[in-house]
Amino acid sequence: MGTFCSVVKFENLQELKRLCHWGPIIALGVIAICSTMAMIDSVLWYWPLHTTGGSVNFIMLINWTVMILYNYFNAMFVGPGFVPLGWKPENSQDSVYLQYCKVCQAYKAPRSHHCRKCNRCVMKMDHHCPWINNCCGYQNHASFTLFLLLAPLGCIHAAFIFVMTMYTQLYNRLSFGWNTVKIDMSAARRDPLPIIPFGLAAFAATLFALGLALGTTIAVGMLFFIQMKIILRNKTSIESWIEEKAKDRIQYYQLDEVFVFPYDMGSRWKNFKQVFTWSGVPEGDGLDWPIREGCHQYSLTIEQLKQKADKRVRSVRYKVIEDYSGTCCPLNRGIKTFFTSPCTEEPRIRLQKGEFILATRGLRYWLYGDKILDDSVLEGVSRIRGWFPRNCVEKCPCDAETDQAPEGEKKNR
């Protein structure tokens, strides 16, 4: 209830402008088409309301639609939560462990990052999602994940209705000959006859809605499993990339240290409760976080400062080993790469074998970085920035100049 009240506050009415974007327009369009066609097919042709099963089925379809839209609008309008402008840690000495955001004129709280789209520092930022035209973070992570769960479940129910409607309406119209298969779409041979015949237009609309439902089930379902994997480890997509770079830094400089992610509570259930609560309000205030035993409150931010000072780690160098056309969802790069394409408005960059890339962040099957267009490696000016599949590149070996450094010098860096 508290979450619902936060949506309808007057100061949030200006957030309605978020609907004027291609992401929400497409998402709401798919929801409207699948829900409307499922209800029409059920009432008119498959499971009429005068039966008990038809009534229950119709109520379930309405419930799916309401729950999907409720969590979708929560994720969009409640938002991720932003670090207060001018924020400073209570202990001024802790500021040495934090990065300072010049845009927000505030220190970046632990687990927060600045979003260029929202132009604010977002608490526990996971990513900026174009489908909700907002960031996914501290306050709306649960609603966003529930939307990713409910949307495929509702689409599975709708797809069942579409398939059964076409089956029951067309089954008696198929006449099989030795050489031809004829489909008579003129009249329904059923008792009693439907008020509105299942004609060619209805068949085409149902088939189109079935395609949308199946596509949504696969695509959104994959996103749900990715989000749940992150939540059960109490991480975000950005923090997973920071952890990967931390391990790379330790291995490269042969340091006698082990990076332990400080926010993993050591139990999947405890990590789960950090996001999902009965009240709908996540634990904490988004600025201070519980940490596992043996970790420092600013372990992650200290690691970020180390990586920021180390250009080699901040931008991991890769060499292109396979051409990439720059398409959003490449079929030739594998099924996992196709279905895990980043949900972002950031561009994809075309790659050719032999080119070099400086990756600054990434996902399991995708990386984001700069393609170097001149002879320099880390000080290049002319670059093209965007996403590209991880299986198109391979991590470069250590630079020759660095490899010639004595082992003791490497360890002291």
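I take helices to be DSSP runs of H or I with at least four residues, numbered from the N terminus. By that reading I placed Glu303 in helix H8, which covers residues 299-309. I keep in mind throughout that this is a predicted model.

**Entry: Glu303 and its surroundings**

I looked up the accessibility of Glu303 and found a relative accessible area of 3%, so I noted the residue as buried. I then asked which residues Glu303 is in contact with, once its neighbours within four places in sequence are left aside. The list I obtained is Ile242, Ala246, Arg249 and Phe259. For Phe259 I also checked the separation from Glu303, which is 44 residues in sequence and 8.5 Å in space, taken from C-alpha to C-alpha.

**Entry: the chain as a whole**

I counted 12 helices and 13 strands in the protein chain, and I noted that buried residues make up 46% of its 413 residues. Looking at contacts between residues at least 6 apart in sequence, I found that 66% of them join residues at least 24 apart.

**Entry: transmembrane annotation and the helices**

I consulted UniProt, where an unreviewed entry lists residues 25-47, 53-73, 146-167 and 195-226 under "transmembrane region". I compared two of these spans with the model: residues 25-47 are 96% helix and 0% strand, with end C-alpha atoms 30 Å apart, while residues 53-73 are 100% helix and 0% strand, with their end C-alpha atoms also 30 Å apart.

I next examined how helix H2 (residues 22-46) packs with helix H3 (residues 52-78), and I recorded an angle of about 170 degrees with the axes 10 Å apart. Since an angle over 145 degrees counts as roughly antiparallel, I describe H2 and H3 as roughly antiparallel to each other. The residues that make the contact include Gly23, Pro24, Ala27 and Leu28 of H2, and on the H3 side Asn57, Phe58, Leu61 and Ile62 are among them.

For helix H4 (residues 141-170) I checked the length, and its 30 residues reach 44 Å from the first C-alpha to the last, close to the 44 Å expected at 1.5 Å a residue. I also noted that H4 is mostly covered, with 21 of its 30 residues buried.

**Entry: strands S9, S10 and S11**

I followed strand S10 (residues 356-362) to its partners, and found that four bridges join it to strand S9 (residues 316-320), the two running antiparallel. In this pairing I located Tyr318, whose bridge partner in S10 is Ile357. S10 also pairs with strand S11 (residues 366-372), in the antiparallel sense and over five bridges, and I saw Ala359 standing opposite Gly369 in S11. The connection from S10 to S11 is a hairpin through three residues.

**Entry: positive phi in two loops**

Most residues other than glycine have a negative phi. Where, then, does Lys124 lie? I found Lys124 in the loop between strand S4 (120-122) and strand S5 (127-129), with a positive phi near 50 degrees. Its relative accessibility is 4%, so I count Lys124 as buried.

I made a similar note for Asn234, which is not a glycine and yet has a positive phi of about 55 degrees. Asn234 is found in the loop between helix H5 (200-231) and helix H6 (237-253), and because its relative accessibility is 2%, I count Asn234 as buried.

Key:
Residues numbered from 1 in each chain as written. Predicted model: local features only at pLDDT ≥ 70, side-chain atom pairs only at ≥ 80, totals over all residues. Heavy atoms only, no water. Buried < 20%, exposed > 50% of the residue type's maximum accessible area, 1.4 Å probe, protein only. Contact = heavy atoms within 4.5 Å. Expected span 1.5 Å × (residues − 1). Pairing = 2+ DSSP bridges. UniProt positions renumbered as here; feature names shortened; annotations may be inferred. Axes fitted to C-alpha atoms, helices over the stretch in contact; angles between N-to-C directions. Parallel < 35°, antiparallel > 145°, perpendicular 65-115°, else oblique.
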